[in-house]
Amino acid sequence: MIQVVGHKNPDSDSICSALVATELLKARGLEAKAVRQGELNRETQYILEQAGVEAPEMCTGVAGEKIWLVDYSDVAQAPDDVNEAEILGIVDHHRLGDIMTVNPLEAWIWPVGCTNTILFNLLKMEQVEITRPMAILMMSAILSDTVGFASPTCTEKDKEAVAALAEYAEVTDLDAFIKNLLIAKTDIEGLSAAQLVEKDLKEYPFNGRQVVVGQIELATLEQVEGMIDALEADLTRRCEEEGLAFASVMLTDITTAQTRLLYKGEWAEKLVKHEKDGMLMMENTLSRKKQGWPWLQQELA
Ligand SMILES: [Mn+2]
């Protein structure tokens, strides 16, 4: 049995790509199951409901198992016992991480907007039947990762995939489909500061230390207006408890591509010069991968 496992703190792409990659492996005649490393966010719950698909089961460890990784290739985002697993495959659209394998593996790493775009192309290439639920999973994940095609990570391949998948999914009004998805994506009602920071938090090793960069996608920055102090306090707490050199969270208005960065830690002083009126605003910044994190690496170096 091959376990297909997305990254820690799973987003919609990570969950949907685990489910779809499992179908690809099954179509090859292999036994496979999708697993997840954490709770589903609201957007993912909404997508699974639309598709009528069960969530992957919780991953309880991969030691001694054969696994595929989807949507990452970093040890920090893998199950803690990944070094005791046999990695057979990777499907990803991030920079190449630090995973090592013992045996040759199948790796599909493309610079596109979403792991599901790669999977869609693999399914086509291998002439695997694309069911309506699979199509909904894939197109939702692509629209989520590319923020409805607005992200600079979006490529022609992502657009082509969604256009084709909309037919399999029998979606006739794509604008309404995107709107409903983005409403689910930006729903943060009732979440605590700690839950918000945790929502989409990624850890990176950098210059011998650990840093974290979270992102909260919003319909307007006003959604978190009353929570700035609590969010900053949570970043400070994480630095103290986990020995991080830097903890940050991007507050991104996905309708205007304006991002406010909250940040704490020993290295925070390196960024103060970019503040205006006590705020660090990143204009035209939607993507952590292509914009936020590359800029931070340059500033923190
Ligand atoms: Mn992704």
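Along the sequence, the residues that donate to the manganese ion follow the spacing D-x57-D-x21-H-x51-D, and in this predicted model they are Asp13 (OD), Asp71 (OD), His93 (NE2) and Asp145 (OD), which coordinate the ion at 2.1 to 2.4 Å. Among these donors, Asp71 and Asp145 link distant parts of the chain, since Asp71 sits in the loop between strand E4 (66-70) and strand E5 (86-92), whereas Asp145 belongs to helix H4, 74 residues apart. Asp71 and Asp145 are both buried.

From Asp145 the description can pass to helix H4 and its packing partners. Helix H1 (residues 12-27) packs with H4 at an angle of about 150°, the two axes lying 9 Å apart, and the crossing of H1 with H4 is left-handed. On the H1 side the meeting residues are Ser12, Asp13, Cys16, Leu19, Val20 and Glu23, and on the H4 side they are Met134, Leu137, Met138, Ala141, Ser144 and Asp145; by class, this contact comprises seven nonpolar, two polar and three charged residues. The metal donors Asp13 and Asp145 are thus also named in the contact of H1 with H4.

Helix H4 (residues 132-145) also meets helix H5 (residues 156-168), their axes coming within 9 Å and crossing at roughly 150°. Because angles over 145 degrees count as roughly antiparallel, H4 and H5 are therefore roughly antiparallel to each other. Their crossing is left-handed, and the contact is made by Arg132, Ala135, Met138, Met139, Ile142 and Leu143 of H4 together with Asp158, Ala161, Val162, Leu165, Ala166 and Tyr168 of H5. Sorted by class, the contact of H4 with H5 contains 10 nonpolar, no polar and two charged residues.

Conventions
Residues numbered from 1 in each chain as written. Predicted model: local features only at pLDDT ≥ 70, side-chain atom pairs only at ≥ 80, totals over all residues. Heavy atoms only, no water. Axes fitted to C-alpha atoms, helices over the stretch in contact; angles between N-to-C directions. Helix = DSSP H or I, 4+ residues; strand = E, 2+ residues; numbered from the N terminus. Parallel < 35°, antiparallel > 145°, perpendicular 65-115°, else oblique. Left-handed = near helix turned anticlockwise from the far one by under 90°. Contact = heavy atoms within 4.5 Å. Nonpolar A, V, L, I, M, F, W, Y, C, P; charged D, E, K, R; others polar. Donors = N, O, S within 2.8 Å, 3.2 Å for Na, K, Ca; no water. Buried < 20%, exposed > 50% of the residue type's maximum accessible area, 1.4 Å probe, protein only.
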